[in-house]
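I set out to record what I looked up in this structure, entry by entry. The notes begin with one residue and its surroundings, and then turn to the chain as a whole.

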Amino acid sequence: MSDTTIDTAMLGEKILRVIKTIYDPEIPVDIYELGLIYDVFVNEDLEVKILMTLTTPNCPVAETLPLEVEEKVKSINEVKNAEVEITFDPPWSQDLMSEEAKLELGML
């Protein structure tokens, strides 16, 4: 492995750490634990695509939250570009939340 090769698994970990610093403003849980992140793709050009959802289509942060995710992921040195795609298929439900999020919200 040459010095110029970046381990995409390690980069994926970095991306997740950054995503876990982003919180839904109405719920005191980060968007990853809430289950809003469906997938993170990193290609050989170190461009990142994030497939995410929102708790509802008319979520008050529908405009700003995806931008915040893009900006924070783009701030990682190795990342050349980041794009967030919003999907409502499947729609978000509380079943997607981690045990940690459910515990935090008193649902367990």
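**Entry 1: Asp30**

I began with Asp30 and listed its contacts: leaving out residues up to four places away in sequence, Asp30 touches Lys20, Ile22 and Tyr23. I note at the outset that the model is a predicted one. I then placed Asp30 in the loop between α1 (8-19) and β1. Is Asp30 buried or exposed? Its relative accessibility is 7%, so Asp30 counts as buried, the cut-off being under 20%. For one of its contacts, Lys20, I looked up the spacing: the two residues are 10 apart in sequence, and their C-alpha atoms are 5.4 Å apart in space. I also looked up where the side chain of Asp30 goes, and found that it reaches the backbone nitrogen of Tyr32 at 2.8 Å.

**Entry 2: Glu33**

I turned next to Glu33, which is also in the loop between α1 and β1. The relative accessible area of Glu33 is 11%, and therefore I entered this residue as buried. Which side chain does the side chain of Glu33 meet in a polar contact? I found that of Ser98, at 2.4 Å. Setting aside neighbours within four places in sequence, I recorded contacts of Glu33 with Lys20, Leu96, Met97, Ser98, Glu100 and Ala101. Lys20 is thus listed for Glu33 and is listed for Asp30 as well.

**Entry 3: Tyr38 and Pro90**

I located Tyr38 in strand β1. With a relative accessible area of 23%, Tyr38 is partly exposed. I found the side chain of Tyr38 reaching the backbone oxygen of Pro90 at 2.6 Å. Apart from neighbours within four places in sequence, the contacts of Tyr38 include Leu51, Met52 and Thr53, and also Asp89, Pro90, Pro91 and Trp92. I also checked Tyr38 against Lys102: they are 64 residues apart in sequence, with 18 Å between their C-alpha atoms.

Pro90 itself lies in the loop between β3 (81-86) and α3 (99-104). I looked up the peptide bond from Asp89 to Pro90 and found it cis, with omega near 0°.

**Entry 4: Leu46**

I looked up the backbone of Leu46 and found phi near 60°, a positive value in a residue other than glycine. I noted for reference that most residues other than glycine have a negative phi, and that most peptide bonds are trans. Where is Leu46 found? I placed Leu46 in the loop between β1 (37-42) and β2 (47-52). Leu46 has 9% relative accessibility and so counts as buried.

**Entry 5: The chain as a whole**

I then read off the overall arrangement. The chain has 3 helices and 3 strands, and from the N terminus on its elements run α-β-β-α-β-α. I compared its radius of gyration, 15 Å, with the value near 13 Å for a compact globule of 108 residues, and the two agree. Along the principal axes, the C-alpha atoms fill a box of roughly 45 × 25 × 20 Å.

Of the 108 residues, 36% count as buried. I looked up the contacts between residues at least 6 apart in sequence, of which 58% join residues at least 24 apart. The chain exposes about 6600 Å², with carbon and sulfur atoms supplying 50% of that area. Last, I looked up the charges: there are 8 positive and 23 negative side chains, and the centres of the two sets lie 4 Å apart.

Conventions:
Residues numbered from 1 in each chain as written. Predicted model: local features only at pLDDT ≥ 70, side-chain atom pairs only at ≥ 80, totals over all residues. Heavy atoms only, no water. Helix = DSSP H or I, 4+ residues; strand = E, 2+ residues; numbered from the N terminus. Rg over C-alpha atoms; globule rule 2.2 N^0.38 Å. Buried < 20%, exposed > 50% of the residue type's maximum accessible area, 1.4 Å probe, protein only. Contact = heavy atoms within 4.5 Å. Areas by Shrake-Rupley, 256 points an atom, 1.4 Å probe, with all protein chains shown as cover. Lys, Arg positive; Asp, Glu negative; His and termini not counted. Charge placed at Lys NZ, Arg CZ, Asp CG, Glu CD. Polar contact = N/O pair within 3.5 Å; in protein donor to acceptor, adjacent residues only side chain to side chain.
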